[in-house]
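The following exercises introduce a protein chain to a reader who meets it for the first time. Please study the sequence and the structure, attempt each task, and then read its solution.

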Amino acid sequence: YRAGTYGGVRVTADSTVAVHHEFSRRTAVAAVTSTPPGAALWVDDSEAGRTPATVRSLPYGSRSLRLVLSGYADTTVVLTVDRPDVDLDVTLRRLPPGTVVVQVPLGGDIAVDGRVVRERVEFARLQIDAGAHLITVTNRAGVSRTDTVRVVSGETTTVRFELN
């Protein structure tokens with residue numbers, strides 16, 4: 001170089017100049033949405049919130065995004081981050097429901113997640129989305145019991161409610 005100023009560093013003839021510069025990692029901001037919304041979002045195995053989500057300081061390069069929502073197949077997407085702003089919309093695949101057989105020996109009303117689905121029955125076969133659900137049975141005397149039932153897609157689960 002000739003004598004002069006370069007990028008804020010003054011260079012004079014027949015001299016040596018040591019310059020120290022720290023390079024920062026390039027990062028991006030990613031806007032991640034899902035259909036339906038509300039999926040738990042994981043980025044490179046770190047929890048990043050629920051969709052819609054804004055992920056800040058996302059390093060450039062290949063990133064693994066995993067979306068998890070009850071009743072839908074867990075979905076993993078590999079995202080190549082190569083610009084400062086990234087938008088990603090993921091459509092989740094709905095799982096087939098599971099079957100829950102509810103047995104109520106002396107009869108009662110059956111509610112799933114707070115909504116009555118059958119009244120005054122001793123037996124019900126219900127198609128319910130995969131995931132955890134609250135099933136409540138109330139007998140004619142007003143006695144009730146609630147159980148959490150994990151419904152597995154494509155499988156049958158039997159629950160029996162004895163209300164005395």
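A contact means heavy atoms within 4.5 Å. This is a predicted model, in which local features need pLDDT of at least 70 and side-chain atom pairs count only at pLDDT 80 or more, while totals for chains, interfaces and linings use all residues. Residues are numbered from 1 along each chain as its sequence is written, and side-chain values use heavy atoms, with hydrogens and water left out.

**Exercise 1.** Determine what share of the contacts with a separation of 6 or more comes from residues 24 or more positions apart.

*Solution.* Such residues account for 45% of these contacts in the protein chain. For an individual case, take threonine 158, which lies in strand 14 (residues 156-160). Leaving aside residues up to four places away in sequence, threonine 158 touches Val101 and Gln103. Valine 102 is 56 residues from threonine 158 in sequence, yet their C-alpha atoms are 6.0 Å apart.

**Exercise 2.** State how many helices and strands the protein chain has, and how much of the chain is buried.

*Solution.* Helices (H or I, at least four residues) and strands (E, at least two) are DSSP runs, numbered from the N terminus. The count is 0 helices and 14 strands. Buried means under 20% relative accessible area, with a 1.4 Å probe and protein chains only; 35% of the 164 residues meet this criterion. Accessible areas come from the Shrake-Rupley method with a 1.4 Å probe. The chain exposes about 10600 Å², of which carbon and sulfur atoms supply 49%.

**Exercise 3.** Describe the open sheet of 3 strands and explain why one side of each edge strand lacks a neighbour.

*Solution.* Two strands pair if DSSP finds at least two bridges between them. The strand order is 6-3-9, and the pairing is mixed. Strand 6 (53-59) and strand 9 (85-91) are at the edges; each has a single partner strand, so one side of each has no neighbour in the sheet. Neighbouring strands are turned by 25° against each other on average, direction ignored. Strand 3 (residues 27-35) pairs with strand 6 in the antiparallel sense over 5 bridges. Threonine 27 has proline 59 in strand 6 as its bridge partner.

**Exercise 4.** Identify which strands stand at the edges of the open sheet of 4 strands.

*Solution.* This antiparallel sheet has the order 5-4-7-8. Its edge strands are strand 5 (46-50) and strand 8 (75-81), each pairing on one side only. Strand 4 (residues 40-43) and strand 5 run antiparallel and are joined by 4 bridges. Valine 43 has serine 46 in strand 5 as its bridge partner.

How values were computed: Buried < 20%, exposed > 50% of the residue type's maximum accessible area, 1.4 Å probe, protein only. Axes fitted to C-alpha atoms, helices over the stretch in contact; angles between N-to-C directions.
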